[in-house]
Amino acid sequence: MEFSIKSGNPEKQRSDCLVVGVYESRKLSVAAEALDTASNGYLTTVLKRGDLAGKAGSTLMLHSVPGLPAERVLLVSLGKERELDEKHYRQAVRASVKAVNSSGAADAVSFLAEIAVRKHDIGWRVAQLAEVALDAVYKFDQMKGKAAKDKKTDAPKGIRKLVINVASREEIKAAEAGLGHGKAVAAGVSLAKDLGNLPPNVCTPTYLAEQAKALSKAYDMQLQVLDRAELEKLGMGSFLGVSQGSRQPPKLIVLQHKKGKKGQKPVVLVGKGITFDTGGISLKPGAEMDEMKYDMCGAASVLGTFKAIAEMALPINAVGIIPACENMPDGNAIKPGDILTSMSGQTIEVLNTDAEGRLILCDALTYAERFEPAAVVDIATLTGACVIALGHHLSGLFSNHDALARELLAAGESAQDRAWHMPMLEDYQGQLDSNFADMANIGGRAAGSITAACFLSRFADKYDWAHLDIAGTAWKSGKEKGSTGRPVPLLTEFLRQRAAKG
Ligand code: BES
Ligand code: MN
Ligand code: ZN
């Protein structure tokens, strides 16, 4: 989909479709009002018949409205004017794009960015409009067979051009900047979704390394991929332990975006890259196990965020570290009771081979020390317990540094990709005691997402660190099964705010 910004009169637009908002109680937005006047009250007449529900995101397509050069007018409900918040705005945008996309219209002019949404400026409204629009039309069909792809249907081809109209010429510059930002985030989200949705026989650790290579070439970033022999030299016994049951070789991917001041300490992002999690010898039950292809969504979010910040040419130094491997049961796999020695020197008793994410992340966190980071954020589909605690709306946020946690929460709020600050008190650490090693890799059923974070914190004591548990937010199950691309919007906004501070 192509976008452009414009400032024009609604009633004069020649387009396949005009998109205008209507508040509950049939109050017209400014653009809808202009169309209503030009059509001699046609919109008011139609609305009086009651075909448009008041709930934000309801839509009604009108054809050949009298007095207008446009072919169609799509009315979108904004809900109650007093209650118009970020959520309702996004719902209205999503529904309108879906409705236009499934109509015969190939282009459209949307007037929704003119709607006042709390304290948000035009840049934010346009960025969100572009992000939500691209999210709404995303499709993953690269694995469909040739026959399905080539099938000629008479179904609408979908929207190709979307003009975002702003209220005045003075707003065009800020709107253009917002559009650039929104498109960059959407490109990162789309990459993260693709990587997540790819089947695990395609998206292997080697494939992730190749994708990182392609990114580094396309955007002038530095890349290093460490293989098994190099991981052995570094003493990454914990990461190597997880990978030893798999035929796929492990990779440690290290990507660097160096667009900040020379000598500026980098922000390091560490992403869990388990390209398939069977549980290992502590085998998972069969139901929905296919979804464990999404266990590399932390890694995908790091690559997606690097694509977004590269697109934006963000003036910041950032390092992405991705430990990637499979967790498989095998004659050579680690067993419950095995003790691994991590790169930090701390020993770990593996009481459950399904708690493998922390075992690969701990060595990546130790590796991060060499970059003398300003902050380290790891992103991981780490625990089922986090899904029980927070469901699918919020990512779990844990940190050893309150100011860093606040920064991430604010970034999530602004990007509408939210997280919730979870407790990580010292009191929970005792659940990781082991009779035979420095620690166990599990802490029992109680507070499972917290003890997982506590485990990681033992490898992150040399810098400001935060951990995002995205087990509930990285993908959707059921009929809408698919990757969400979260938390690319949160991470990109976090880095953007950091870059703005210099
Ligand atoms: N990748 C899973 C976490 C997961 C499970 C995410 C289900 C989303 C949905 C992780 O490796 C795992 O298996 N964690 C275990 C830890 C337990 C053994 C302490 C879990 O959550 O059950
Ligand atoms: Mn697991
Ligand atoms: Zn896992």
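Here is a walk through this predicted model, starting at its metal site and ending with two of its helices.

Let's begin with the zinc ion (ligand 3). Its protein donors are Lys-272, through NZ, Asp-277 and Asp-295, each through OD, and Glu-356, through OE, at 2.0 to 2.4 Å. Six donor atoms surround the zinc ion (ligand 3), and the angles they subtend run from 78 to 176°, so the arrangement counts as octahedral. For reference, ideal angles for six octahedral donors are 90 or 180 degrees.

Now look at how the donor residues are strung along the sequence: the spacing is K-x4-D-x17-D-x60-E. Asp-295 sits in the loop between β10 (273-277) and α10 (297-311), while Glu-356 is in the loop between β13 (347-349) and α11 (357-368), so this pair ties together parts that are 61 residues apart in sequence. Both loop residues are tucked away: Asp-295 has 2% relative accessibility and so counts as buried, and Glu-356 is buried too, with a relative accessible area of 1%.

The zinc has a neighbour. The manganese ion (ligand 2) is 3.2 Å from the zinc ion (ligand 3), and Asp-277 coordinates both.

Asp-277 turns up again when you move on to ligand 1, where an N or O atom of its side chain is 2.9 Å from an oxygen atom of the ligand. There are 16 residues around ligand 1, and those that come nearest are Lys-284, Asp-295, Asp-354, Glu-356 and Gly-384. Two of those names, Asp-295 and Glu-356, are already familiar as zinc donors. The protein backbone joins in as well: a polar backbone atom of Thr-381 is 3.3 Å from a nitrogen atom of ligand 1, and a backbone N or O atom of Leu-382 lies 3.5 Å from a nitrogen atom of ligand 1.

Away from the ligands, take helix α3 (residues 86-101). At 1.5 Å a residue, its 16 residues should span 22 Å, and the end C-alpha atoms are 22 Å apart, so the two values agree. Its buried residues include Glu-86, His-88, Tyr-89, Ala-92 and Val-93, along with Ala-95, Ser-96, Val-97, Ala-99 and Val-100. Covering them are, among others, the strands β2 (18-22), β3 (59-63), β4 (72-77) and β5 (107-110), plus the helix α4 (122-137).

Finally, there's helix α14 (residues 448-457). Here 10 of the 10 residues are buried, so the helix is largely enclosed by the rest of the structure. Among them are Gly-448, Ile-450, Cys-454, Phe-455 and Ser-457.

Key
Residues numbered from 1 in each chain as written. Chains lettered and ligands numbered in written order. Predicted model: local features only at pLDDT ≥ 70, side-chain atom pairs only at ≥ 80, totals over all residues. Heavy atoms only, no water. Donors = N, O, S within 2.8 Å, 3.2 Å for Na, K, Ca; no water. Tetrahedral: all angles 85-135°; square planar, octahedral: opposite > 155°, others 65-115°. Helix = DSSP H or I, 4+ residues; strand = E, 2+ residues; numbered from the N terminus. Buried < 20%, exposed > 50% of the residue type's maximum accessible area, 1.4 Å probe, protein only. Expected span 1.5 Å × (residues − 1). Contact = heavy atoms within 4.5 Å. Near = heavy atom within 4 Å. Polar contact = N/O pair within 3.5 Å; in protein donor to acceptor, adjacent residues only side chain to side chain.
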